[in-house]
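Let's walk through this model together, starting with how its two protein copies relate and ending with the DNA. Have the sequence and the 3D view open as you read.

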There are 2 protein chains.
Amino acid sequence: MTSVFEDVIAFCRMFSSFEREEICCGTVTPSQCVLLQTLTEGEWDVSTLAAQSRVTKGAMTRLVDGLEARGWVKREKAKDDGRRVVVALTASGKKEAARLARLTEQSIATILERIPKTEREQVIRSLHLLRQAAEQTRAQLDCC
Amino acid sequence: MTSVFEDVIAFCRMFSSFEREEICCGTVTPSQCVLLQTLTEGEWDVSTLAAQSRVTKGAMTRLVDGLEARGWVKREKAKDDGRRVVVALTASGKKEAARLARLTEQSIATILERIPKTEREQVIRSLHLLRQAAEQTRAQLDCC
DNA sequence: ACTAATTAGTTGCATCATTCAACTATTGGA
DNA sequence: TCCAATAGTTGAATGATGCAACTAATTAGT
């Protein structure tokens, strides 16, 4: 007997451990993994990245430091505003991001395969609804 | 247009930030929150707790240190085996765990409320299936 | 029964994530 | 031109975590 609360908590925490153990798997830290995947969708300055990841600018600076040290991203001053620093994936960064995305997808696919075929479509649809609902909730948060 | 992969990733990451920002909210660390909630279900020794949280015994020792320092848990030697240390919630620990559980449930309830009523039952059912599928997957992991 | 191997837990050391606050550089307005 | 606001970096502190060395307790082998 489990409540929906326990189910959400358990599922999300298990997904986090999959990320840590299977996907990052020692070679990359989870934060780096998230950032690499974010940068797949485009180039952003440090403040924007920090806001997306919900960390301070200082934390993001260091995260970028780490990826830069491994040659996965490069920094560039914005042309229109010399204060802003635009972060972009390098060629090897793109490769690494793709590798991580592949692993992530495998991991999720493995879970979905264990769901009865007849239910699978409903589950996929539910995940989409959940994501949207969470996004709406997050959008109107202030708190603390 | 989002794939189910993106939906899972986005939802789980958002839930993690809710945990950090709304639930723990400065007063408790996320790890402490998880451990307190685990201990709501019973008393366990350090190794078992470490295995459940998928961290090393050393990490668990320190997590327990932190909760003990705040008076939320107590350690006790197991009667049958003097090496084992059984960790249990104190009265104030139970109170704190209940407070955190309440916040967590609120947080999840807020998300669920944004899902159309007609779909909500399906979503709840899907979460249960997902949790089970993830548990099965985790059970047969070795990796790395 | 005594010793050796195993097991549970703790601790030192290192790395990474994170926050806050101070600091630098750049921009923009009065 | 000078000052306030903004973007980013950096120092100092705390916490999470893994690994490996270490202690204490138990178990197995002889």
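Turn chain B by 180°, with a shift of 0.0 Å along the axis, and it lies on chain A with an RMSD of 0.1 Å. That is the relation of a two-fold axis. For the fit, copies are superposed by least squares on the C-alpha atoms of residues with pLDDT of at least 70 in both. In chain B, Cys12(B) has the C-alpha nearest the axis, at 2.6 Å. Both copies use the same surface, as 100% of the contact residues of chain B recur in chain A.

A quick word on ground rules: this is a predicted model, where local features need pLDDT of at least 70, side-chain atom pairs count only at pLDDT 80 or more, and totals for chains, interfaces and linings use all residues. Residues are numbered from 1 along each chain as its sequence is written, while chains are lettered from A and ligands numbered from 1 in the order in which they are written.

**Where the chains meet**

On the interface, 45 residues of chain B are in contact with 45 residues of chain A (in contact means C-beta atoms, placed from the backbone, within 7 Å). Helices H1 (4–24), H5 (91–113) and H6 (117–139) of chain B each give two or more residues to this side, and H6(B) gives the most, with 16 residues. By class, this side of chain B has 23 nonpolar, 11 polar and 11 charged residues. Here Ala, Val, Leu, Ile, Met, Phe, Trp, Tyr, Cys and Pro count as nonpolar, Asp, Glu, Lys and Arg as charged, and the others, Gly among them, as polar.

**Inside one chain**

Chain A has six helices and three strands, in the order α-α-β-α-α-β-β-α-α along the sequence. Helices (H or I, at least four residues) and strands (E, at least two) are DSSP runs, numbered from the N terminus. The C-alpha trace of chain A spans about 55 × 35 × 25 Å along its principal axes.

Over in chain B, three strands make an open antiparallel sheet in the order E1-E3-E2. E1 and E2 of chain B are at the edges with a single partner strand each, so one side of each has no neighbour in the sheet. H4(B) packs on this sheet, touching E2 and E3 of chain B, and its direction makes about 120° with that of E2(B); axes are lines fitted to C-alpha atoms, for helices over the stretch in contact, and angles run from 0 to 180 degrees between N-to-C directions.

Strands pair if DSSP finds at least two bridges between them. E1(B) (residues 44–45) and E3(B) (residues 85–89) pair over two bridges, with Trp44(B) partnered by Val87(B). E2(B) (residues 73–77) is joined to E3(B) by five bridges, and Lys77(B) stands opposite Val85(B).

**Around the DNA**

Which residues come closest to each DNA strand? The table gives them, where near means a C-beta atom, placed from the backbone, within 6 Å.

| DNA strand | Residues around it | Closest residues |
|---|---|---|
| C | 25 residues | Gly58(A), Gly82(A), Asp45(B), Ser47(B), Gly58(B) |
| D | 25 residues | Asp45(A), Ser47(A), Gly58(A), Gly58(B), Gly82(B) |

The surface near strand C divides into six nonpolar, 10 polar and nine charged residues. For strand D, the classes are six nonpolar, 10 polar and nine charged.

Notes
Contact = placed C-beta atoms within 7 Å.
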